[in-house]
Number of protein chains: 2
Amino acid sequence: MDSAGRAKVPTIRDVARAAGVSHQTVSRVINDHPNISAATRLRVEAAMEHLSFRPSRVARALATSRTRTIGIISTDNGRYGPPKTQRAIEQAARDAGYFLSTANLAEVGHEPMRDAVDYLQDHGIDGIVLIAPQAEMLDAFAELAPRVPFVTVDSAGRGGGHSIAIDQAEGARLATRHLVSLGHRGIRHIAGPLDWLDSQARIRGWRTVLAQAGLEAREPLVGDWSAESGHRVASAIAEDPDATAVFVSNDQMALGLLSGLAAERKRVPEDVSVVGFDDVPEAGYFAPPLTTVRPDFSELGTTCLSLLLGQLSGENSSAPRPIKPDLVIRESTAPRADPLAGDAFRATGPTRPSGSP
Amino acid sequence: MDSAGRAKVPTIRDVARAAGVSHQTVSRVINDHPNISAATRLRVEAAMEHLSFRPSRVARALATSRTRTIGIISTDNGRYGPPKTQRAIEQAARDAGYFLSTANLAEVGHEPMRDAVDYLQDHGIDGIVLIAPQAEMLDAFAELAPRVPFVTVDSAGRGGGHSIAIDQAEGARLATRHLVSLGHRGIRHIAGPLDWLDSQARIRGWRTVLAQAGLEAREPLVGDWSAESGHRVASAIAEDPDATAVFVSNDQMALGLLSGLAAERKRVPEDVSVVGFDDVPEAGYFAPPLTTVRPDFSELGTTCLSLLLGQLSGENSSAPRPIKPDLVIRESTAPRADPLAGDAFRATGPTRPSGSP
DNA sequence: TCACGGATTGTGACCGGTAACAATCTGGAC
DNA sequence: GTCCAGATTGTTACCGGTCACAATCCGTGA
């Protein structure tokens, strides 16, 4: 189309020459400065259009030391929550006109964290979002004390105004309260890895409700988020005669548990009720469809980003409220079968969870 | 720790002053130039260490017009394959010392694609990886004819040396051949959206094997990758008396099918055998555990990146071979029950897939 | 008619590196 | 002792924008 000989990318000075103005005037047009006459502006815009000029962000970054780019630090080891969170933040950043750079740690630790932070800072990112499901990541990050604004997504909420999270404990309370309201008394818990803040918070929530109901909280079984680990602990549940319900810390482990209980000839929900956490898209198609807790990741993403953007513009925002999840009731939970007679409780059916007390 | 008054980031000239050399010499040390005396190098390195100097990538990018950053274009709509591919490429890029920028299209189309490409080019990325599971993305990208090196991950393999993919058709052949070898004759297919190249290739592979075996290929049922869509078409399978096996284009739809068949009182694998595609981590814990095709995403990632790196260094690499997937045999497939007597075929059991013909 | 203040535009330096070329130093051959 | 090539180092310009400040233009009140 163009008859240009060389594929040289036009600069601000080329545009200036074409429009018969100084390069500074072109810069002003680009940046919407107020005091530019309409005629000049039009002329410059025409020239930019004609040369299909696009300002170099690199040059601008060098001059202003701001890049309109934010960095995300995450890990690869998350099953569902962390990547989902990351996606949501990417979406929110894009909507806000920010560019995004990702730095995924190969493993958790100080060295990899330092690398990631250096990496991002070298590239002149304006701010960092840290997705820190483990306390260790939070600690490693805190020690580095990066010189840029940041927000952490962590269930510990340690960062004050720098921190945002799903209200994990509330989700766990919702799930456990649901089981209690169905008449269950032996309510077990399968936790995720104990160094995960999410696991810890979910354990806390489960404990709280059991204590309120005057029920015993056995030591939780511990998995690693994988379906395999859920499958592995199924026998412990099956062999526990008092266990009629299980709150599982994520849906994958719940799936594994379902499969393990089936192998042990236990029926869900007739013999054992199961509640998961995450509401993965497939949860409705497990056998049976899984009752589970649904966090709102997209709200998490937007809140997280607006928090960071607030910091970038120098505001001093207060700590946002953790995001309340919902309970999605499907078919893996049912009223506790009367231990004496057959099916009592049939009349009530699954009750909807009540609001917060 | 430091007694510096201002938190000013040190530049190459600060280091030069501290080491008593010219800034160019510092630059040479940074870039490992050969002709630097050992003494000078040590002195400069000490100064860099002391000032905790880190070269500005932004400035370097401006000077060299190379950023050691590659951009990934993808979409949000992929269930498992695309994000997994993205992760794998990120990993490979990190290993190769490259920085990564992601641009996820909100939707497929020319405008969003143009935005994404502009976005990345504005930031001076050295190359682009396009994850294009749909022909439309490939077309949109091709029209833009970006000025930078790129590699596409597409199952159409249209890009020649620019293209790499999982051998989808081979995966489908593996799956279908497995079902044929179990004695099935009514082998149906549930496809993904027809505008996906992956779907198309998997349909082709399925058709090929059926044709070779002299079996009829009914028009595939079409889903949207979701478990829900697999569930929806289950009744069509259940009501088809000749259908004793189904090859499903991904594991999520297979899960939905499993749940739908159970609702229709069809047993898997006794009445119907099911094979999926992807081998999601949970596939082994479906009810029953799913026989499925496992693509090697990490090989895809590394191959993809080495292809791109080859281009960056000006090599003219030839088109790489598509990556062969494996078949993972679990419990959702079994020999076809003899329509006349009871269980024939028991003797053989599931056969391992033979190598390529 | 002239000084004055705001609107508009231009000039030169600078951001922090790299590239190209010049200058100086060194040691070995003659 | 002199000369020359290669090793080492320094000087200056440049990448493509922005910033600070100066210069010019314009209408208005004195």
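Which element gives the most to the surface near DNA strand C? I looked this up at the start, keeping in mind that the model is predicted. Helix H4(B) gives the most, with five residues.

**Entry 1: DNA strand C**

I then listed the elements that each supply at least two residues of the surface near DNA strand C. From chain A they are helix H2 (23-30) and helix H4 (57-64). From chain B they are helix H1 (12-19), helix H2 (23-30) and helix H4 (57-64).

I found 29 residues around DNA strand C, of which Thr25(A), Arg28(A), Thr40(A), Ile12(B) and Ser27(B) come nearest. I also checked which parts of the strand come within 4 Å of the protein: 53% of those atoms belong to sugar or phosphate, and the rest belong to bases.

I noted three polar pairs here. In the side chain of Arg13(B), an N or O atom is 2.9 Å from a base nitrogen of DNA strand C. For Gln24(B), a side-chain N or O atom is 3.0 Å from a base nitrogen of this strand. Ser37(A) has a polar side-chain atom 3.1 Å from a phosphate oxygen of DNA strand C.

**Entry 2: DNA strand D**

I repeated the search for DNA strand D. Of the 29 residues around it, Ile12(A), Gln24(A), Ser27(A), Arg28(B) and Thr40(B) come nearest. Of the strand D atoms within 4 Å of the protein, 52% are accounted for by sugar and phosphate.

Arg13(A) places a polar side-chain atom 2.9 Å from a base nitrogen of DNA strand D. Two other residues approach phosphate oxygens of this strand: Asn31(A) through a side-chain N or O atom at 2.9 Å, and Ser22(B) through a backbone N or O atom at 2.9 Å. Two or more residues of the surface near DNA strand D come from each of helix H1 (12-19), H2 and H4 of chain A, and from each of H2 and H4 of chain B. I recorded that H4(A) gives the most, with five residues.

**Entry 3: The nonpolar cores**

I next turned to the interior. The largest nonpolar core has 92 residues, and Val129, Leu257 and Val274 of both chain A and chain B touch the most other members. A second, separate core holds 21 residues, including Ala103(B), Ala116(B), Val117(B) and Ile128(B). In soluble globular proteins, nonpolar side chains tend to be buried together.

For Val129(A), I set aside neighbours within four places in sequence; the residues in contact with it include Ile70(A), Ile89(A), Val151(A), Cys304(A) and Leu308(A).

**Entry 4: A sheet in chain B**

I traced an open sheet of six strands in chain B, in the order E7-E6-E8-E9-E10-E11, with mixed pairing. Strands E7 (221-222) and E11 (326-328) stand at the edges with a single partner strand each, so one side of each has no neighbour in the sheet.

Strand E6 (residues 187-191) runs parallel to strand E8 (residues 245-248), and four bridges join them. In one of these strands, E8(B), Val246(B) is the bridge partner of Arg188(B). Helix H8 (residues 168-181) packs on the sheet, and its direction makes about 165 degrees with that of E9(B). Helix H12 (residues 251-263) also packs on the sheet, at about 155 degrees to E9(B).

**Entry 5: Val328(B)**

Is Val328(B), in strand E11 of chain B, buried or exposed? I found a relative accessibility of 15%, so Val328(B) counts as buried, the cut-off being under 20%. Beyond four places in sequence, Val328(B) is in contact with Asp279(B), Leu290(B), Thr291(B), Thr292(B) and Arg294(B).

How values were computed: Residues are numbered from 1 along each chain as its sequence is written. Chains are lettered from A and ligands numbered from 1 in the order in which they are written. This is a predicted model: local features need pLDDT of at least 70, side-chain atom pairs count only at pLDDT 80 or more; totals for chains, interfaces and linings use all residues. Side-chain values use heavy atoms; hydrogens and water are left out. A nonpolar core is a set of buried Ala, Val, Leu, Ile, Met, Phe, Trp, Tyr and Cys residues joined through side-chain atoms within 4.5 Å. Buried means under 20% relative accessible area, exposed over 50%, partly exposed in between (1.4 Å probe, protein chains only). Contact means heavy atoms within 4.5 Å. Two strands pair if DSSP finds at least two bridges between them. Axes are lines fitted to C-alpha atoms, for helices over the stretch in contact, and angles run from 0 to 180 degrees between N-to-C directions. A residue is near a molecule or strand if one of its heavy atoms lies within 4 Å of it. A polar contact is a pair of N or O atoms within 3.5 Å; within protein, one must be able to donate a hydrogen and the other to accept it, and residues adjacent in sequence count only if both atoms are side-chain atoms.
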